[in-house]
Amino acid sequence: FLERLTPLRRRESLPLAARFAHCPEPAPIAERERLSYRPIAEGEVWGAAWESGWFHLTGEVPAAWTGERVAAWIDLGGEGLVTDAAGRILQGVSSGSIWLGDFQRELVPLFERCAGGERGELWVEGAASSLFGVHTELDPAPGAPRSLIHPQPPGAAPVNGCVWRCW
(Lines give C-alpha, C1' and ligand atoms only; values in the text may rest on other atoms or scores of the structure.)
Protein backbone atom coordinates (compact mmCIF):
# COMPACT_ATOMS: atom_id res chain seq x y z
CA PHE A 1 0.00 0.00 0.00
CA LEU A 2 2.74 2.47 0.98
CA GLU A 3 4.64 1.70 -2.23
CA ARG A 4 1.62 2.86 -4.25
CA LEU A 5 1.04 5.99 -2.13
CA THR A 6 4.63 7.22 -2.01
CA PRO A 7 4.90 8.52 -5.59
CA LEU A 8 1.47 10.16 -5.30
CA ARG A 9 2.40 12.38 -2.34
CA ARG A 10 4.21 14.93 -4.47
CA ARG A 11 4.10 15.67 -8.16
CA GLU A 12 6.70 17.83 -9.88
CA SER A 13 9.34 19.42 -7.71
CA LEU A 14 11.90 22.16 -7.87
CA PRO A 15 15.25 22.15 -6.09
CA LEU A 16 15.95 24.36 -3.11
CA ALA A 17 19.29 26.13 -2.80
CA ALA A 18 21.23 24.42 -0.01
CA ARG A 19 24.14 25.74 2.05
CA PHE A 20 25.78 23.82 4.86
CA ALA A 21 27.91 24.51 7.95
CA HIS A 22 29.68 21.55 9.58
CA CYS A 23 29.56 21.33 13.39
CA PRO A 24 31.37 18.41 15.05
CA GLU A 25 29.25 19.23 18.12
CA PRO A 26 25.68 20.60 18.03
CA ALA A 27 25.51 24.41 17.66
CA PRO A 28 22.63 26.31 19.33
CA ILE A 29 20.02 27.88 17.10
CA ALA A 30 21.13 31.37 18.15
CA GLU A 31 24.57 30.71 16.66
CA ARG A 32 23.42 29.30 13.30
CA GLU A 33 23.81 32.54 11.36
CA ARG A 34 27.37 33.07 12.61
CA LEU A 35 28.64 29.76 11.20
CA SER A 36 30.62 29.46 7.97
CA TYR A 37 28.40 28.07 5.18
CA ARG A 38 29.21 26.58 1.81
CA PRO A 39 27.08 24.99 -0.93
CA ILE A 40 26.48 21.25 -0.55
CA ALA A 41 25.85 18.83 -3.41
CA GLU A 42 23.57 15.82 -3.61
CA GLY A 43 25.21 12.75 -2.12
CA GLU A 44 28.12 14.69 -0.59
CA VAL A 45 29.20 13.36 2.80
CA TRP A 46 28.35 15.98 5.41
CA GLY A 47 29.14 14.24 8.64
CA ALA A 48 30.44 11.14 10.32
CA ALA A 49 28.31 9.32 12.90
CA TRP A 50 27.00 11.65 15.62
CA GLU A 51 28.34 14.87 14.07
CA SER A 52 26.04 17.83 13.46
CA GLY A 53 25.55 20.59 10.96
CA TRP A 54 23.23 23.41 9.97
CA PHE A 55 21.56 23.56 6.56
CA HIS A 56 20.12 26.78 5.13
CA LEU A 57 17.52 26.10 2.42
CA THR A 58 15.93 28.76 0.20
CA GLY A 59 13.68 28.83 -2.84
CA GLU A 60 10.75 30.52 -4.55
CA VAL A 61 7.34 29.02 -5.33
CA PRO A 62 6.60 29.15 -9.08
CA ALA A 63 3.53 31.10 -10.22
CA ALA A 64 2.30 27.91 -11.92
CA TRP A 65 1.68 26.39 -8.46
CA THR A 66 -0.87 29.06 -7.47
CA GLY A 67 -3.54 27.56 -5.23
CA GLU A 68 -1.51 24.42 -4.46
CA ARG A 69 -0.51 23.06 -1.05
CA VAL A 70 3.30 23.21 -1.08
CA ALA A 71 5.78 21.30 1.06
CA ALA A 72 9.55 21.11 1.28
CA TRP A 73 11.15 17.71 0.80
CA ILE A 74 14.15 17.28 3.13
CA ASP A 75 16.17 14.07 3.39
CA LEU A 76 19.52 14.67 5.12
CA GLY A 77 20.34 10.98 5.37
CA GLY A 78 19.97 11.36 9.15
CA GLU A 79 17.74 13.35 11.47
CA GLY A 80 16.98 17.04 11.58
CA LEU A 81 15.02 19.77 13.30
CA VAL A 82 13.43 22.22 10.84
CA THR A 83 12.88 25.87 11.80
CA ASP A 84 11.63 28.88 9.91
CA ALA A 85 13.69 32.04 9.28
CA ALA A 86 12.75 33.40 12.73
CA GLY A 87 13.95 30.22 14.45
CA ARG A 88 10.48 28.84 15.26
CA ILE A 89 10.44 25.04 15.29
CA LEU A 90 8.32 23.56 12.50
CA GLN A 91 8.94 19.82 12.81
CA GLY A 92 11.52 17.08 12.81
CA VAL A 93 12.67 15.10 9.75
CA SER A 94 14.12 11.61 9.70
CA SER A 95 15.55 9.36 7.02
CA GLY A 96 14.28 6.14 8.54
CA SER A 97 13.29 3.90 11.38
CA ILE A 98 14.48 0.54 12.57
CA TRP A 99 10.87 -0.39 13.34
CA LEU A 100 9.42 0.34 9.92
CA GLY A 101 12.04 -0.06 7.20
CA ASP A 102 10.50 2.25 4.62
CA PHE A 103 9.45 5.00 7.06
CA GLN A 104 10.66 8.49 6.30
CA ARG A 105 9.51 11.85 7.57
CA GLU A 106 10.78 14.21 4.92
CA LEU A 107 7.83 16.42 3.91
CA VAL A 108 7.56 19.77 5.72
CA PRO A 109 4.41 21.86 5.04
CA LEU A 110 5.20 25.35 3.73
CA PHE A 111 2.02 26.87 2.29
CA GLU A 112 -1.56 25.58 2.58
CA ARG A 113 -2.61 27.48 -0.57
CA CYS A 114 0.21 29.37 -2.24
CA ALA A 115 -0.21 32.50 -4.31
CA GLY A 116 2.92 31.85 -6.37
CA GLY A 117 6.10 33.83 -5.95
CA GLU A 118 6.44 33.23 -2.18
CA ARG A 119 10.03 33.00 -0.95
CA GLY A 120 10.74 30.11 1.36
CA GLU A 121 13.57 29.96 3.87
CA LEU A 122 14.22 27.04 6.20
CA TRP A 123 17.00 26.23 8.62
CA VAL A 124 17.66 22.61 9.56
CA GLU A 125 19.89 21.41 12.38
CA GLY A 126 21.05 18.03 11.15
CA ALA A 127 22.30 15.09 13.18
CA ALA A 128 24.41 12.46 11.43
CA SER A 129 22.55 9.54 12.93
CA SER A 130 19.66 7.31 12.14
CA LEU A 131 16.55 7.53 14.28
CA PHE A 132 17.78 7.99 17.87
CA GLY A 133 21.29 7.13 16.66
CA VAL A 134 20.33 3.54 15.90
CA HIS A 135 21.76 2.17 12.66
CA THR A 136 20.56 -1.02 11.01
CA GLU A 137 24.17 -2.25 11.26
CA LEU A 138 24.96 -2.71 14.93
CA ASP A 139 28.43 -1.17 14.72
CA PRO A 140 29.40 0.23 11.32
CA ALA A 141 33.14 0.49 10.78
CA PRO A 142 34.57 4.03 10.48
CA GLY A 143 34.17 5.13 6.86
CA ALA A 144 31.57 2.44 6.11
CA PRO A 145 28.64 3.72 4.02
CA ARG A 146 26.25 3.49 7.02
CA SER A 147 28.59 5.56 9.22
CA LEU A 148 28.70 8.54 6.83
CA ILE A 149 25.68 10.69 6.07
CA HIS A 150 24.78 11.62 2.48
CA PRO A 151 21.98 14.15 1.81
CA GLN A 152 19.47 13.87 -1.00
CA PRO A 153 18.70 17.10 -2.90
CA PRO A 154 16.15 19.21 -1.01
CA GLY A 155 13.21 20.51 -2.97
CA ALA A 156 9.74 21.98 -2.85
CA ALA A 157 6.68 20.44 -4.46
CA PRO A 158 2.93 20.73 -4.64
CA VAL A 159 1.51 17.82 -2.64
CA ASN A 160 -1.62 15.75 -2.98
CA GLY A 161 -3.57 16.67 0.19
CA CYS A 162 -5.71 13.53 0.16
CA VAL A 163 -2.69 11.24 -0.08
CA TRP A 164 -0.82 13.34 2.50
CA ARG A 165 -3.61 12.74 5.03
CA CYS A 166 -3.48 8.98 4.32
CA TRP A 167 0.27 8.91 4.84
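Reader: In this predicted model, which side chain meets Glu60 in a salt bridge?
Author: The model is predicted. Side chains of opposite charge can pair when their charged atoms come close. Here the N to O distance is 3.9 Å, within the 4 Å that a salt bridge allows. The partner of Glu60 is Arg119.

Reader: How many residues apart are the two members of that pair?
Author: The pair links distant parts of the chain. Glu60 lies in strand E5, and Arg119 lies in strand E10. They are 59 residues apart.

Reader: Is Arg119 buried or exposed?
Author: Exposed means over 50% relative accessible area. Glu60 has 42% relative accessibility, so Glu60 counts as partly exposed. Arg119 has 55%, so Arg119 counts as exposed.

Reader: How many bridges join E5 to strand E10?
Author: Strand E10 covers residues 119–127. E5 and E10 run antiparallel. Gly53 stands opposite Gly126 in E10. The bridges that join E5 to E10 number nine.

Reader: Which residue in E5 does Ala21 stand opposite?
Author: Strand E2 spans residues 17–23. Seven bridges join E2 to E5, and the two run antiparallel. Opposite Ala21, in E5, stands Trp54.

Reader: How many of the nine residues of strand E5 are buried?
Author: Strand E5 runs over residues 52–60. This strand is mostly covered. Glu60, at 42% relative accessibility, is partly exposed because buried means under 20%. Of the nine residues in E5, the buried ones number seven.

Reader: What is the N to O distance between the side chains of Arg38 and Glu44?
Author: These two side chains meet in a salt bridge. Arg38 is partly exposed, at 35% relative accessibility. Glu44 is partly exposed too, at 26%. The N to O distance for Arg38 and Glu44 is 2.7 Å.

Reader: Which residue forms a salt bridge with Arg88?
Author: A salt bridge needs a side-chain nitrogen within 4 Å of a carboxyl oxygen. For Arg88 the closest N and O atoms are 2.9 Å apart. The residue on the other side is Asp84.

Reader: Is Asp84 buried or exposed?
Author: Its partner Arg88 has a relative accessible area of 55%, so Arg88 is exposed. Asp84 stands at 13% relative accessibility. The limit for buried is under 20%, so Asp84 counts as buried.

Reader: How many salt bridges does the count come to?
Author: Among them is the pair of Arg38 and Glu44. Glu60 and Arg119 form another. Arg88 and Asp84 are also joined this way. The count of salt bridges comes to five.

Note on methods. Residues are numbered from 1 along each chain as its sequence is written. This is a predicted model: local features need pLDDT of at least 70, side-chain atom pairs count only at pLDDT 80 or more; totals for chains, interfaces and linings use all residues. Side-chain values use heavy atoms; hydrogens and water are left out. Buried means under 20% relative accessible area, exposed over 50%, partly exposed in between (1.4 Å probe, protein chains only). Helices (H or I, at least four residues) and strands (E, at least two) are DSSP runs, numbered from the N terminus. Two strands pair if DSSP finds at least two bridges between them.
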